[in-house]
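Biologist: Got a minute to walk me through this one? Let's start broad, then pick at single residues.

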Amino acid sequence: MSPVSRKSQPNVSLLPKRNLARLPLLISLVLLGANQSALAKTVTVNSPDKRISVSLTDDGDRPEYKVTFNGKEAVLNSRLGLVFETFGEFGSGFDITESSKSTHSSRWQQPWGERESIDDNHNKLTATFSNGRHQFALEFKVFDDGIGFRYLVPKQASFDKVTHLNITNELTEFSVPDAHHATAWWIPGRGWNRYEYLYQTTSVNKVDRAHTPFTYKLTSGLHLSIHEAALTDYAAMVLDQRRDGTLKADLTPWSDGTLVKTQPGFTTPWRTIQIADAATGLLNSDLILNLNEPNKLGDVSWVEPGKYVGIWWGMHINENTWGSGEKHGATTSETKRYMDFAAKYGFDGVLVEGWNLGWDGSWFHNGDVFSFTQSYDDFDIDAVSAHGANNNVRLIGHHETSGSVTNYRNQMSDAYDLYKQHGVTQIKTGYVADGGDIKRVDSQGIVRHEWHDGQFMVNEYLHSITEAAKRQISINTHEPIKDTGLRRTYPNWISREGARGQEFNAWGTPPNSPEHTAILPYTRMLSGPMDFTPGIFNLAPEGLDAVNRVQTTLAKQLALYVVLYSPIQMAADLPRNYVERLDAFQFIQDVPTDWSESIAVAGEIGDFVAFARKDRASEDWYLGALTDESERELTIKLDFLSADKSYQAQIYRDGAEADWKTNPYDYVIENKQVTAKDTLTLALATSGGVAIRFIPFD
C-alpha cells in the first residue's frame, strides 16, 4: 500500500515559490496518490423499495460500511474485520478485489408461527477483500425492513497447512448518529443474571455493554435494532461502547479466553440491523427469520403449538416445593388433578416441575446430582402418562440442569427415550447457573466454567434440539442462548425464555415494572417467541401493598396472550384462581397460539403496543393492547378485518375504576358488532390492557 493517504493530497497551486524546485517530485507524489485513490472502491446496494442504501468501501485502508434510510443517516461509517491468533487482522490493508450483486424474491411457509407465509425479497452484495496473501468476503442482504451482513473466510492457499483458526477479535462496529440524543432500550451484556434484567432507557452514549436485540431511536425518528441471525458454532455478540456512539461487536469468550474456535472455510452469523420509520415497523419485520436456513428436519407435523397448565406457580409463591416433602408439588395425585382441570377446560398438556431426583437441598448449586430418569417415590410417571392419555392431555416434560451440562449430556439419550416412551412431545429445559458459571467437564476430566452465550454453549443448546428432534420432541429452553431465528431451521425449537418472565413477579425485588411488557415487544421479542407464562389472576397473593406482586391489571394479563407471541402458552396461575373468574378465563381458553397473520397496529417503545393476529385454524381475529404505568386511550382502526364480513367483537377490558396499584380486578366483558370500516377507542388503565376476539357472522 502507498504511504500517501487516499484522502489528503497536496494542493500544488498553494505551494510557495521556494518549493518550485521540488515541483516534479511533488507532482509524482500527487499522481501516485491519485492512482491509489482511483483504486479505492465503494460498492453500494439498495433495498428493493430503494429506501435503505448500504455502501461498502475499502477507502481509508480498511473495510467500512454505512447505511442510510430515505437519505437519512442510519449507521455512520463503521469498521469491519476479523482478527486471528495465527494470521492477525483481516481488515486493515485489505482491498476490494471483486464484487457481485443479485436480486432474490420468494415466499416460504412456516409450519407454525406468527404468520403463515413470509416474503423474502432482498438485494445481495458480495465483496471479496484481499491483501495479496489472504482473502475474505463480506455478504450483505438488504431487505425493505433492514440489513444483514456476514463474513465468509474460504479455504485458500495461505491456509494450506492450517486445520484450526482461533478468532481473537471481531472488529465489527455499529456507529450511531448523534448518540448523545438517541434513545436506547437495553439490558446489560454478560452479567451474572444472563438476560434476566429490567430494561434501561437511556441515551445511546450512556450504554456500557449491552445484549442484543439492542433497540434505539434516532433524533430523526428512525427506529433501529441491532441483533444477529443464524448463530451456530460461533460466540454470541454483545455490544461494547467504545467512543460515544461506536458500538463494537464483543464476542463471548471460552473459559480459556479464546473467542471462537473454527477452521478454514467458515461463515459467521449474520449481523443484523432492523430499520423502520415507526416503532411498529420493527414489530412487523421478518428480517431475522429470512436470514436463517430453511427447515432441516423434514416433516415436522409432530411439532404442535398449543396451551398448557402446570405445577409451576405454586412453587414460586411458596405454596409448593420442587424438592420432596409434605409440600412437594410434583406428585401423582396433584398431576392427575391438573390433568383433569386441563381436560375440562381444553388445554393440551400439564407441565410438571420437580418430579425427578435432585431437587432436595440447594438445587441451584447441585446440578451434578440431578437424575433425568429417576422420579421421586410420590411421582409415578407410568400412572401419570396413562391418566393423561385417557383424558387427551399430555405430560409436558421438564429437565433442570442447574448449568451442569456434562451431567445432562451424559443422561440425555436415556432421558429423551424415557419421555418418548411416555408420549411426551415437549420438554422445558433449564440452565439456571449464573452467567459464566456453566459447568462442563472436558475430555481430560477437568472442570471448566463457560458463559451461556459462548461458542461451547451455542453448540450445546443446539445439540439438545437435534437429539430431541430424533425422537419427535420439541424443546422450550429456559436460561437459553438468545434466539436468532433458528426456529426456521429447527422448528422443534418451539420457544424459549431469555428475558425476565412472570416468575419475577412472585419473588423478584423489584418485580417486573408496568413498562416491562411494553418494552419486550420492541427488544427481546424481535428475536423470536418467548415463554413469558402470562395469565396470573391472583395478582397479589400477599396483598396489594406487597413488594412482590404482579404490577398489572387482570385485563393486561389477558392481553399478554396476544402481545407476547409464543406457539406454546401457559395458563400460569393456580386452577382455583381461574375457577373464581371463569368469565375472564374464557379468553384464555379461546385464544389460539398459531397464527396465519400478525400485524402491529399501534405502539411506541416502552409506552404501549397493540397487535392484531388472525387464527390459523379459523377466520377469527384477536387483538391485544397494553400500556405502561400511564393510563391512555388508543384509537384502533379495524381495517385488518375482512372487508366483506361483519364480526362480533368480544371485548375484555379494564373497568372505569381499574388501577394496577389499588383496583387491578376491575374489568368489563362486552360485545359489539363491528366491520373493517370501524374504529375502536380503547381506554387502558394504569398498567392496563384489553383483549378482543373478533368472530365473523355467518
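Modeller: We'll go from the whole chain to its cores, then to some loops and single residues. Keep in mind that this is a predicted model.

Biologist: Fine. How many helices and strands in the chain?

Modeller: The chain has 13 helices and 39 strands.

Biologist: How does the radius of gyration sit against the globule rule?

Modeller: The radius of gyration is 27 Å, and the globule rule gives 26 Å for 698 residues. The two are close, so the chain is as compact as a globular protein of that length.

Biologist: What does the C-alpha trace span along its principal axes?

Modeller: About 100 × 65 × 45 Å.

Biologist: And what share of the residues is buried?

Modeller: Of the 698 residues, 61% count as buried.

Biologist: What about the area the chain exposes?

Modeller: It comes to about 26,300 Å², with 46% of that supplied by carbon and sulfur atoms.

Biologist: Contacts next. Of those between residues at least 6 apart in sequence, what share joins residues at least 24 apart?

Modeller: That share is 70%.

Biologist: Charges? How far apart are the mean positions of the positive and negative ones?

Modeller: They are 8 Å apart, for 67 positive and 88 negative charges.

Biologist: On to packing. Which residues touch the most other members of the largest nonpolar core?

Modeller: Leu56, Tyr65, Phe140 and Phe214 do, in a core of 172 residues. Helix α8, residues 455–469, gives the most to this core, with eight residues.

Biologist: Is there another core, and where does it lie relative to that one?

Modeller: Another core, of 23 residues, lies apart from it. Ala602, Ala610, Leu623 and Tyr647 are among its members.

Biologist: Back to Phe140. What does it touch beyond four places in sequence?

Modeller: Its contacts include Val54, Leu56, Tyr65 and Leu80. Asn123, Lys124 and Leu125 also touch Phe140. So do Ile147, Gly148 and Phe149. Leu56 and Tyr65 appear again here: both are in the group, with Phe140, that touches the most other core members.

Biologist: Now Ile636. Buried or exposed?

Modeller: Ile636 is buried, at 2% relative accessibility. Its place is in strand β35, residues 632–637.

Biologist: What does Ile636 touch?

Modeller: Leaving out residues up to four places away, Ile636 touches Val601, Ala602, Ala610 and Leu623, among others. Asp678, Thr679, Leu680 and Leu682 are also in contact with Ile636. Ala602, Ala610 and Leu623 belong to the core of 23 residues.

Biologist: How far is Ile636 from Ala602?

Modeller: Their C-alpha atoms are 7.5 Å apart, with their positions 34 residues apart in sequence.

Biologist: Change of topic. Which peptide bond before Pro213 is cis?

Modeller: The one from Thr212 to Pro213, with omega near 5°. Pro213 sits in the loop between β15 (209–210) and β16 (214–217).

Biologist: And the bond joining Thr509 and Pro510, cis or trans?

Modeller: That bond is cis, with omega about 0°. Pro510 is in the loop between α9 (504–507) and α10 (516–519).

Biologist: Since you bring up α9, what about Phe504?

Modeller: Phe504 is in helix α9. It counts as buried, at 5% relative accessibility. Beyond four places in sequence, Phe504 is in contact with Asn193, Glu196, Pro511 and Asn512.

Biologist: Any odd backbone angles? What is phi of Arg190?

Modeller: Near 55°, a positive value in a residue other than glycine. Arg190 lies in the loop between β13 (183–186) and β14 (200–203).

Biologist: Why call Arg190 buried if it is in a loop?

Modeller: Its relative accessible area is 12%, and the cut-off for buried is under 20%.

Biologist: What's phi of Ala230?

Modeller: About 60°, positive although Ala230 is not a glycine. Ala230 is in the loop between β17 (223–229) and β18 (237–241).

Biologist: Last one. Ala656, buried or exposed?

Modeller: Ala656 is exposed, with a relative accessible area of 76%. Its loop runs between β36 (646–654) and β37 (667–675).

Biologist: How far from Met457?

Modeller: The C-alpha atoms of Ala656 and Met457 are separated by 49 Å. Along the chain, those two are 199 residues apart.

Definitions and conventions:
Residues numbered from 1 in each chain as written. Predicted model: local features only at pLDDT ≥ 70, side-chain atom pairs only at ≥ 80, totals over all residues. Heavy atoms only, no water. Helix = DSSP H or I, 4+ residues; strand = E, 2+ residues; numbered from the N terminus. Rg over C-alpha atoms; globule rule 2.2 N^0.38 Å. Buried < 20%, exposed > 50% of the residue type's maximum accessible area, 1.4 Å probe, protein only. Contact = heavy atoms within 4.5 Å. Areas by Shrake-Rupley, 256 points an atom, 1.4 Å probe, with all protein chains shown as cover. Lys, Arg positive; Asp, Glu negative; His and termini not counted. Charge placed at Lys NZ, Arg CZ, Asp CG, Glu CD. Core = buried A, V, L, I, M, F, W, Y, C linked by side-chain atoms within 4.5 Å.
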